[in-house]
Amino acid sequence: QVQLVESGGGLVQAGGSLRLSCAASGNIFRVNDMGWYRRAPGKQRELVAATTSGGSTNYADSVKGRFTIYRDNAKNTVYLQMNSLTPEDTAVYYCNAEAQNRATMVFLRYWGQGTQVTVSS
């Protein structure tokens with residue numbers, strides 16, 4: 001099995017920063033793209049940022065210039081540095097990764113349990 005464990009959420013004032021971390025562990029042979037999604041109250045889940053194993057990245061327009069996604073392939077860990085946070089960034093943030101299980105050699109997409117980010121005005 002493969003698990004994604006997130007950390008780094010919390011409460012921050014508008015204009016502040018947080019860094020989220022997500023570590024993939026388990027019977028992993030390879031991890032392809034990794035990313036962060038979020039679901040705000042009353043809204044659908046949306047892609048925030050994603051990165052490939054080669055380091056290519058893409059961002060939602062709403063976070064460009066404020067958020068940075070990066071990863072440590074040796075640790076199968078992805079990070080999301082969030083700066084200049086606004087109340088509109090308040091949401092549960094979910095880590096997502098496509099990983100190849102070493103036992104089956106099958107690629108599957110996995111989700112973390114979610115971490116709450118709350119930005120106060």
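Reader: Which residue in β8 stands opposite Ile69?

Author: In this predicted model, β7 and strand β8 (residues 77-82) run antiparallel and are joined by six bridges. Strand β7 covers residues 67-72, and within this pairing the residue in β8 that faces Ile69 is Leu80.

Reader: Which residue stands opposite Asp72 in β8, and which residue of the hairpin takes a positive phi?

Author: Asp72 has Thr77 of β8 as its opposite residue. The hairpin of β7 and β8 has four residues between the strands. A positive phi near 50° occurs in this hairpin at Asn76.

Reader: How many bridges does β8 form with strand β3?

Author: Strand β3 spans residues 18-26 and pairs with β8 in the antiparallel sense. One of the facing pairs sets Leu18 opposite Met82 in β8. The number of bridges between β3 and β8 is six.

Reader: In what order do the four strands of the open sheet lie, and which are the edge strands?

Author: The pairing in this sheet is antiparallel, and the order is β1-β3-β8-β7. Each edge strand pairs on one side only. The edge strands are β1 (2-7) and β7 (67-72).

Reader: What is the average twist from one strand to the next?

Author: The sheet in question is the open one formed by four strands, β1-β3-β8-β7. From one strand to the next, its twist averages 15°.

Reader: Is β8 mostly covered or mostly uncovered, and how many of its residues are buried?

Author: A residue is taken as buried when its relative accessible area is under 20%. By that criterion β8 is mostly covered, and of its six residues the number buried is five.

Notes. Residues numbered from 1 in each chain as written. Predicted model: local features only at pLDDT ≥ 70, side-chain atom pairs only at ≥ 80, totals over all residues. Heavy atoms only, no water. Pairing = 2+ DSSP bridges. Helix = DSSP H or I, 4+ residues; strand = E, 2+ residues; numbered from the N terminus. Axes fitted to C-alpha atoms, helices over the stretch in contact; angles between N-to-C directions. Buried < 20%, exposed > 50% of the residue type's maximum accessible area, 1.4 Å probe, protein only.
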